[in-house]
Amino acid sequence: MKKLLLKILPWIITVVALYLAFKGVHILEVTETILAGNPIWLGITITLTIFSYVLRAYRWQFFFPEKVISFANAYKVLVLGFFMNNILPARAGEIVRAHLGAKFTNTKRTLVLATVASERLTDGLIISIMFVIYVILTPKEAISNGMLFVAGMFFSATLMVLLLLVLRTQIFNYAEKLANRFNNKAILYSVDRFQVFINGLAPMFNRRRLPITASLSLAIWLIELLAYYAIVRAFSADLTLFSCILFLVAVNFSSLIPAAPAGIGVIEAVASGVLVGHGLDKGLALSMVISQHLIQILVIAIPGIYFTVTLKKHLNAIKTEANDDL
């Protein structure tokens, strides 16, 4: 019963969220509004969104302790990870990405998973900083306590990772002593993977790489912000570029809520609710959120489907290259 509840709970959340999102709104009106969106601005949104994922792939290379993955392979694996997140529950795409990343780099999955964790933590931190700036400069606006809490969690997680890295030698020594005392294969294996994972987080604070990853991360989210502004312009909504920070934060923080794959429902409910609180008509707000969400899904789905179909070919090419090197 417990397992069943865990499986159906995300879908219950999704159904409730969809009900709240579309409550009091005519679906036909929303559809007409979406179809009436300015195609030029929507095209700009698509272009900016694609470019942000290209930059993500380039940045991902710097989260590895050494450059072990090419840009082309980084893009393939990253897109596949995001694509699987959109079709599998519980963000299982991260595990898929770790598995494929290990195949492409000939490293341990735990190490690749650490690079993904670094990426997620960095993104969350940048979004949180943007949100804090928004809060400071717009003190009279009604700000969600929930979003402030999530922002605080990202700051806390970042400080915790930094503390772990500073104290990792002492932590590793203690873990090894504990493992040797029990002399259990499972414990020894877990300690080894724990060390790999923590060491995999180290490039996030590497003195040489930090300026690069920080600059790329800032560029990625400024591009994303411009994409959100392009959506606003496509529907002639009364939102400034600065106000779009709230739009961006609402979408990305709401995607953390455990729901159906791709965050369908919760993103529409939360983000449209935040925009309504900002003074927009609910039908218009929902149309903007749906359009942005659909573009995000399609930008990943189209290359994701292609890479999924040709995945076997890519992996065989990797094996051939490895044999040639030998």
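Here are a few friendly notes to read alongside the structure, which is a predicted model.

1. **A cavity to look for.** Let's begin with empty space. Rolling a probe the size of a water molecule over the atoms shows where such space is left. In this model there is one cavity of 30 Å³ or more. The largest cavity holds about 40 Å³ of space.

2. **Who lines the cavity?** Try selecting these residues in your viewer: Thr 45, Thr 49, Glu 224, Ala 227, Tyr 228, Ile 231, Gln 292, Ile 295 and Gln 296 make up the lining of the largest cavity. Three elements give two or more residues to this lining, namely helix H3 (39-60), helix H10 (210-234) and helix H13 (282-309). Which helix gives the most? That is H10, with four residues.

3. **The chemistry of the lining.** Sorted by class, the lining of the largest cavity has four nonpolar residues, four polar residues and one charged residue.

4. **A closer look at Gln 296.** This residue belongs to helix H13, and Gln 296 is also among the residues lining the largest cavity. Is Gln 296 buried or exposed? Its relative accessible area is 15%, and buried means under 20%, so Gln 296 counts as buried. Leaving aside residues up to four places away in sequence, Gln 296 touches Thr 49, Tyr 53 and Glu 224. Of these, Thr 49 and Glu 224 also appear in the cavity lining.

5. **How two helices meet.** Now turn to helix H7 (residues 145-166) and helix H8 (residues 168-182), which pack with their axes 5 Å apart and at an angle of about 70°. Angles of 65 to 115 degrees count as roughly perpendicular, so H7 is roughly perpendicular to H8. On the H7 side, Leu 164, Leu 165 and Val 166 make the contact, while H8 brings Arg 168, Gln 170 and Ile 171. The residues of this contact divide into four nonpolar, one polar and one charged.

6. **Ile 12, for contrast.** You will find Ile 12 in helix H1 (residues 2-22). With a relative accessible area of 44%, Ile 12 is partly exposed, because that value falls between the 20% limit for buried and the 50% limit for exposed.

7. **Far along the chain, yet brought together.** What separates the C-alpha atoms of Ile 12 and Ala 260? In sequence, Ile 12 and Ala 260 are 248 residues apart, but their C-alpha atoms are separated by 8.8 Å in the model. Try finding both residues in the 3D view and tracing the chain from one to the other.

Conventions: Residues are numbered from 1 along each chain as its sequence is written. This is a predicted model: local features need pLDDT of at least 70, side-chain atom pairs count only at pLDDT 80 or more; totals for chains, interfaces and linings use all residues. Side-chain values use heavy atoms; hydrogens and water are left out. On a 1 Å grid over the protein atoms alone, a cavity is a set of points where a 1.4 Å probe fits but cannot get out, and a pocket is an open set with protein on both sides within 12 Å along at least five of seven lines; lining residues have an atom within 4 Å of a point. Grid points are joined across faces, edges and corners, and a volume is the space filled by probe spheres set on the points. Ala, Val, Leu, Ile, Met, Phe, Trp, Tyr, Cys and Pro count as nonpolar, Asp, Glu, Lys and Arg as charged, and the others, Gly among them, as polar. Buried means under 20% relative accessible area, exposed over 50%, partly exposed in between (1.4 Å probe, protein chains only). Contact means heavy atoms within 4.5 Å. Axes are lines fitted to C-alpha atoms, for helices over the stretch in contact, and angles run from 0 to 180 degrees between N-to-C directions. Angles under 35 degrees count as roughly parallel, over 145 as roughly antiparallel, 65 to 115 as roughly perpendicular and the rest as oblique.
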